[in-house]
Amino acid sequence: MTDIKSLDFDELNTALSSLSLPSFRTKQIYSWLHEKGVESFDEMTNLSKDLRETLKAKFFIPTLIIEDKYVSKLDSTVKYLFRLYDGEYVESVVMKYKYGYTICVSSQVGCKMGCTFCASTLAGFKRNLMPSELESQIHIAQRDLGIRISHIVLMGIGEPLDNYENVIKFLKTVNDDRGLNISLRDVTLSTCGVVPKIYDLMNEGMPITLTLSLHAPNDRLRSGMMPVNNKWGVDEAIKACRAYAEKTGRRVSFEYTLINGVNDTESCARELASKLKGFICHVNLIPVNDVRERGNVRSTEKNIKNFRDILCSLGINATIRRTLGSDINASCGQLRRKKKDGDTDENCC
Ligand code: SAH
């Protein structure tokens, strides 16, 4: 059976051609799937019952069920744990900003990258998400909350550039004005540094914002935190980001998670500033989130501010990330891991 929601418009047209339908049917079905985001063929009420049955025999719409939902009492950030059609789990977070709603979506079930501070790898890598499953995270959150989501960040579970084809297809679909019609300028993709794919992305002609999870200014430190660095080192990753910024005209950001006594020293800040010299970019400083199994300790407030001040004094634009939903902050990948372990959580609504 074919996942009908992962087909683009032309593929859908081709797939429906054997049914000899008038061409307006493709438009109707595409609109149900991508503009309205229905979860079943029975919701396609302008199609005959017979046609709905024919579609059901040939295609399926992968379901995402809200397994758990956490709502922050502090700032109304919402975190979802979704159950996928094969029983796997992923997480999404919806945040409210002045300019609208942003969703942080997962791109894979688990992650292969093995970053030492991250929860996403703990429960193992299972599979890539299909384009439809990426998109349904938005549809279901919008429907559940009765809102329109205008911004997307690919910063949930998984490495988006390790699921490249599906992520690109998802982005083209959400940008389509026959679907969600989300501007690519309002999309941010975060990568741990899969360098060849940064160059591929640069050549897609998509004006999306790129973020590199850097977390350390040199190979010795970064390789100890992020195994991907053994393949593509700090200089290679920053070089790819400079090329991306130059070609796309989009500003690149760097994520830098501060861990007490590991990467938050003055010398790290100075080394980072020298690596980014002359690059019009932005550094997001993030106090590390506690992940029970990881044992990393947050930098002190004083060290975080000091780190920022050093970067700024050396001409590097840096800010400390505002924490949203801190009372529901099971960091990235933790809800899925808990579910796998059979853990429960009292905070769940
Ligand atoms: N694989 C992609 C996107 C997913 S992670 C990437 O690496 O960029 C999204 C961001 O959260 C990354 O910058 C990641 O390094 C960071 N992150 C992961 N675990 C964290 C933790 N415990 N505390 C703070 N940031 C964390």
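1. In this predicted model, the axes of helices α2 and α4 approach to within 9 Å and cross at roughly 70°. Because angles of 65 to 115 degrees count as roughly perpendicular, α2 is to be described as roughly perpendicular to α4. On the α2 side the contact is made by Leu33, His34, Glu35 and Lys36, and on the α4 side by Glu135, His139 and Arg143. By residue character, this contact of α2 with α4 divides into one nonpolar, two polar and four charged residues.

2. Helix α5, which covers residues 164-175, has twelve residues and reaches 17 Å from its first C-alpha to its last, a span close to the 16 Å expected at 1.5 Å a residue. The buried residues in α5 are Tyr164, Val167, Ile168, Phe170, Leu171, Thr173 and Val174. As background for reading that list, an α-helix has 3.6 residues a turn, so residues three or four places apart point the same way.

3. Against which elements do the buried residues of α5 pack? Their partners are the helices α2 (23-36), α4 (131-145) and α6 (195-202), together with the strands β9 (149-154) and β10 (187-191). Both α2 and α4, the pair described in the opening point as crossing at roughly 70°, are thus found among the elements that the buried residues of α5 pack against.

4. Two residues deserve a look at their backbone angles, given that most residues other than glycine have a negative phi. Serine 20, although it is not a glycine, has a positive phi of about 50°, and its place is in the loop between α1 (9-17) and α2. Histidine 215, likewise not a glycine, has a positive phi of about 65°, and this residue is found in the loop between β11 (209-213) and α7 (219-225).

5. Is each of these two loop residues buried or exposed? Serine 20 is exposed, with a relative accessible area of 64%, whereas histidine 215 is buried, with a relative accessible area of 4%. For the reader applying these words, buried means under 20% relative accessible area and exposed means over 50%.

6. On the scale of the whole protein chain, there is a division into domain 1, residues 2-60, and domain 2, residues 65-341. The centres of domain 1 and domain 2, taken over C-alpha atoms, are separated by 33 Å. The contact between them takes 18 residues from domain 1 and 15 residues from domain 2.

Methods
Residues numbered from 1 in each chain as written. Predicted model: local features only at pLDDT ≥ 70, side-chain atom pairs only at ≥ 80, totals over all residues. Heavy atoms only, no water. Helix = DSSP H or I, 4+ residues; strand = E, 2+ residues; numbered from the N terminus. Expected span 1.5 Å × (residues − 1). Buried < 20%, exposed > 50% of the residue type's maximum accessible area, 1.4 Å probe, protein only. Contact = heavy atoms within 4.5 Å. Axes fitted to C-alpha atoms, helices over the stretch in contact; angles between N-to-C directions. Parallel < 35°, antiparallel > 145°, perpendicular 65-115°, else oblique. Nonpolar A, V, L, I, M, F, W, Y, C, P; charged D, E, K, R; others polar. Domains from an automatic or database assignment.
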